[in-house]
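Subject: Structure handover

Hello,

Here is the structure for your files. My notes follow below it.

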Amino acid sequence: MSVVITNEARHVLLTEDSPFDYEKIHSRAIIEETQELRQDFGSAKVQEYHFEGISIACCTAEVYEDIHILADAVEPRVMMMFMEQGDISTSLEGLRDDFRFSTQEHNLIFSSSESETAAVKKQRNIHFFGLSFTPGRFLELAENNGAVLDGLASNIAGNRSVALAEKINPRITPRMRM
């Protein structure tokens, strides 16, 4: 997977090749990683945990100027995104060109596309939590667990992009914060 970060003028600020490690997400043991980034355009700390078709990520970030992020050669994943604090816009092929996440919003999304983009405005104290599944693992967990998950699973099994809520992201409830 390659990641390219550009500024508003589309000047490249950072390019990284991060090979996706198939073994990590399929490991039977929990693999824990921490990544830190400190650049002129911003800083971030991401803690990740991978195991048995599941990845968990906790991120804190500061963005000092408006940036655009492009990730290519992305393995399809089912992603549950919880934006605790912050505001980002993503482009999801097959769903929307401007899928915005703001403070205290969440959604469950699957995109069959091999690339993802995000626009992040200058801001401090970004906090988000992500839980992602390989499509196969999500289908296992969704089986016989209600009509909503059955509908999502049907799209994912057909490799069709889908979101739990396609128009407006649901709010994070007090019960979700427990």
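A residue is called buried here when its relative accessible area is under 20%. By that cut-off, buried residues make up 39% of the 178 residues in the chain. Please keep in mind that this is a predicted model.

Overall form: the chain has 3 helices and 13 strands. Its radius of gyration is 16 Å, close to the 16 Å that the globule rule gives for 178 residues, so the chain is as compact as a globular protein of that length. The C-alpha trace spans about 50 × 35 × 35 Å along its principal axes. Of the contacts with a separation of 6 or more, 64% are between residues 24 or more positions apart.

Interior: the largest nonpolar core has 22 residues, and Phe-101 and Ile-109 have the most contacts inside it. Strand 1 (2-7), strand 5 (54-63), strand 6 (67-72), strand 7 (78-85), strand 8 (87-92) and strand 9 (96-102) each supply at least two residues of this core. Strand 5 gives the most, with 3 residues. Leaving aside residues up to four places away in sequence, Ile-109 touches Arg-77, Val-78, Met-79, Leu-92, Leu-95, Phe-99, Phe-101, Val-162 and Ala-163. Another core, of 12 residues, lies apart from the largest one; Leu-131, Leu-152, Ala-153 and Ile-156 are among its members.

Surface and charge: the accessible surface of the chain comes to about 10300 Å², and carbon and sulfur atoms hold 51% of this area. There are 17 positive and 28 negative side chains, with the centres of the two sets 7 Å apart.

Regards

Methods
Residues are numbered from 1 along each chain as its sequence is written. This is a predicted model: local features need pLDDT of at least 70, side-chain atom pairs count only at pLDDT 80 or more; totals for chains, interfaces and linings use all residues. Side-chain values use heavy atoms; hydrogens and water are left out. A nonpolar core is a set of buried Ala, Val, Leu, Ile, Met, Phe, Trp, Tyr and Cys residues joined through side-chain atoms within 4.5 Å. Buried means under 20% relative accessible area, exposed over 50%, partly exposed in between (1.4 Å probe, protein chains only). Helices (H or I, at least four residues) and strands (E, at least two) are DSSP runs, numbered from the N terminus. Contact means heavy atoms within 4.5 Å. The radius of gyration is taken over C-alpha atoms; the globule rule is 2.2 Å times the number of residues to the power 0.38. Accessible areas come from the Shrake-Rupley method with a 1.4 Å probe; for residues, only the protein chains shown count as cover. Lys and Arg count as positive and Asp and Glu as negative; His and the chain ends are not counted. The place of a charge is taken as NZ of Lys, CZ of Arg, CG of Asp or CD of Glu.
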